[in-house]
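Open the model in your viewer and keep the selection panel at hand. This tour moves from one selection to the next and says what is there.

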Amino acid sequence: MTRGVAIKAALLAGALLLHPSPAQADTLREAIAAAYATNPTLAEARARQEAREEQPKQARSQGRPTLSATANGGYDDLGYGSAGSADLRAALPIWTGGRVESAVRAATFDVAAGEENVRDSEAAMLERVVAAYADLLFAQEAVEVARIGIGRLDRQVDEAQSRFDMGEATRTDVAQLEAQRSSVVANLADAEAALASARAGYRAVVGQEPDELAANVPPPSLLPVDLASARTSAETANPRLLERLRIADASDARIDRARAEGAPSVDLAGAYGRGLRETGGDFRGYDSAASVGLTLRIPLLSGGLVASQVREAEATSRADRYAVEAAARETLRAVDTAWAALQAAGRREQASVDGLRAAQLALDGVRAEYEFGLRSTIDILLAEQSYRSAQLALARARSDLLIAEAALLRATGQLDRNAYF
């Protein structure tokens, strides 16, 4: 095998290490699907939203007719004996002074805010899934790098020992290689501990035991092409910002609800009843009675309660509008930060690819020169260490790129289950 062919083969081996075959490997899409099916935090957010969606129905019920039935019975010792009565009562609000309409609007905006909260919970969960996937992917590759490095050093130790036995190397050469092997063994122990921790984090958010992960993750199709489009997307789709907007709208509706407490109201009410009495063993029924009429309520004096409630609602509305402005600023900050992180991660990945290629060429060159006695054992050890560092740098850069992509998608409001499908 010529030296050029050997270099190409080594580069291919390094590429296969950092991009293992996806066969029988868990993909990011599978991890997302599993998290959607089992994540309790997301399930909690959905259940709370289901409860919140009942509020508009409850508010509308205040303007709808009601019907109730009552019955009572008793006994007295004054000679009247047992007696009882039953009646039906119906009521229909005709004019509520805006109470029902404003309450429905406030509840509807609360539901809309809740929908955005569920979206944000979903995005937060997906960001944790991507981070757990990226951390576990790096941990798996770090363990593999250390194991392959130990295998190579084992062969080099055996080779150095053989050369020492033949008088072509010194005991120092063997000791240097053995010391380097011990250092990589320690690195493997740390990597395996980090792998166990990463597996636990993955299991907590995804809800299943991880297998080997597929390193090839296609970039999300919804990533913005530039910072301007990222900002525009965030202003229209960021769930935290939209949630604050809907909360502010609900606060405005509650101002009208507070003012409506000082407005008159009109109800149509009706009743029908019948009584029965037992005296001396005989039951006597009374004639049934029915009534229908209008009830007008006009608040004349509330002791300042209505005015205070209005001022409270207005202050709350102002606070929520300030919260909208703060959320808008935070959204743009998150977008700018995520965009910068993504650009840096992309450049770091490219630099790591170039660094790994250069480290591979340097290692092959040192090995060839060592065979001719032009390089020392120290040179080989340094080249091996540089190569392993380049492998880990590339693995970390690719993990960081996944995390940065997810952060930008979340900031722009595009991180949902379709982002990676």
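## Stop 1: the largest nonpolar core

This is a predicted model. Begin with five residues: Leu 28, Val 129, Tyr 133, Tyr 202 and Tyr 420. Of the 60 residues in the largest nonpolar core, these touch the most other members. Now colour the elements that give two or more residues to this core: helix H2 (28-38), H5, helix H6 (171-206), helix H7 (227-237), H9 and H10. Which of them gives the most? H5 does, with 19 residues.

Stay with Leu 28 for a moment. Leave aside its neighbours within four places in sequence. Leu 28 is then in contact with Val 129, Val 130, Tyr 133, Val 217 and Tyr 420. Apart from the largest core lies another core, of 10 residues. Select Ala 359, Leu 363, Tyr 370 and Leu 394, which are among its members.

## Stop 2: the whole chain

Zoom out. The protein chain has 10 helices and 5 strands. It holds 421 residues, and buried residues make up 38% of them. Now consider contacts with a separation of 6 or more: residues 24 or more positions apart account for 83% of these in the protein chain.

## Stop 3: along H5

Select H5 from end to end. How far apart are its end C-alpha atoms? They are 98 Å apart. H5 has 67 residues, and at 1.5 Å a residue these should span 99 Å, so the two values agree. Move on past the helix to Gly 167. This residue follows H5, and its phi is positive, near 80°.

## Stop 4: along H6

Next, select H6, with its 36 residues. From its first C-alpha to its last, H6 reaches 51 Å. That is close to the 52 Å expected at 1.5 Å a residue.

Which residues of H6 are buried? Step along the helix and pick out Asp 173, Val 174, Leu 177, Gln 180, Val 184, Leu 188, Ala 191, Leu 195, Ala 198, Tyr 202, Val 205 and Val 206. Show H2, H5 and H10 as well: the buried residues of H6 pack against them. Just after H6 comes Gly 207, with a positive phi of about 90°.

## Stop 5: the second largest pocket

Turn to the second largest pocket, where about 280 Å³ of space lies. It is lined by 16 residues, and the closest to its centre are Arg 240, Glu 330, Arg 333, Ala 334 and Ala 411. Select those five to find the place. Then show the elements that give two or more residues to the lining: helix H5 (99-165), helix H8 (239-260), helix H9 (305-371) and helix H10 (377-411). The largest share of the lining, 8 residues, comes from H9. Colour the lining by class: 7 residues are nonpolar, 3 are polar and 6 are charged.

## Stop 6: three single residues

**Ala 230.** Select Ala 230 in helix H7. Is this residue buried or exposed? Ala 230 is buried, because its relative accessible area is 0%. Not counting neighbours within four places in sequence, Ala 230 is in contact with Pro 224, Val 335, Leu 408 and Thr 412. Add Leu 332, which is 102 residues apart from Ala 230 along the chain. The C-alpha atoms of this pair are separated by 9.1 Å.

**Arg 60.** Go to Arg 60, in helix H4 (residues 55-61). Its relative accessibility is 35%, so Arg 60 counts as partly exposed. With neighbours within four places in sequence left aside, Arg 60 is in contact with Val 100, Val 104 and Thr 108. Now pick Arg 105. The C-alpha atoms of Arg 60 and Arg 105 are separated by 9.8 Å, while the two residues are 45 residues apart along the chain.

**Ile 247.** Finish with Ile 247, which is found in helix H8. At 23% relative accessibility, Ile 247 counts as partly exposed. Which residues does Ile 247 touch, not counting those up to four places away in sequence? They are Ala 113 and Asp 320. Last, select Ala 112: its C-alpha atom and that of Ile 247 are separated by 8.4 Å, and the pair lies 135 residues apart along the chain.

Notes
Residues are numbered from 1 along each chain as its sequence is written. This is a predicted model: local features need pLDDT of at least 70, side-chain atom pairs count only at pLDDT 80 or more; totals for chains, interfaces and linings use all residues. Side-chain values use heavy atoms; hydrogens and water are left out. On a 1 Å grid over the protein atoms alone, a cavity is a set of points where a 1.4 Å probe fits but cannot get out, and a pocket is an open set with protein on both sides within 12 Å along at least five of seven lines; lining residues have an atom within 4 Å of a point. Grid points are joined across faces, edges and corners, and a volume is the space filled by probe spheres set on the points. Helices (H or I, at least four residues) and strands (E, at least two) are DSSP runs, numbered from the N terminus. Ala, Val, Leu, Ile, Met, Phe, Trp, Tyr, Cys and Pro count as nonpolar, Asp, Glu, Lys and Arg as charged, and the others, Gly among them, as polar. A nonpolar core is a set of buried Ala, Val, Leu, Ile, Met, Phe, Trp, Tyr and Cys residues joined through side-chain atoms within 4.5 Å. Buried means under 20% relative accessible area, exposed over 50%, partly exposed in between (1.4 Å probe, protein chains only). Contact means heavy atoms within 4.5 Å. The expected span of a helix is 1.5 Å times one less than its number of residues.
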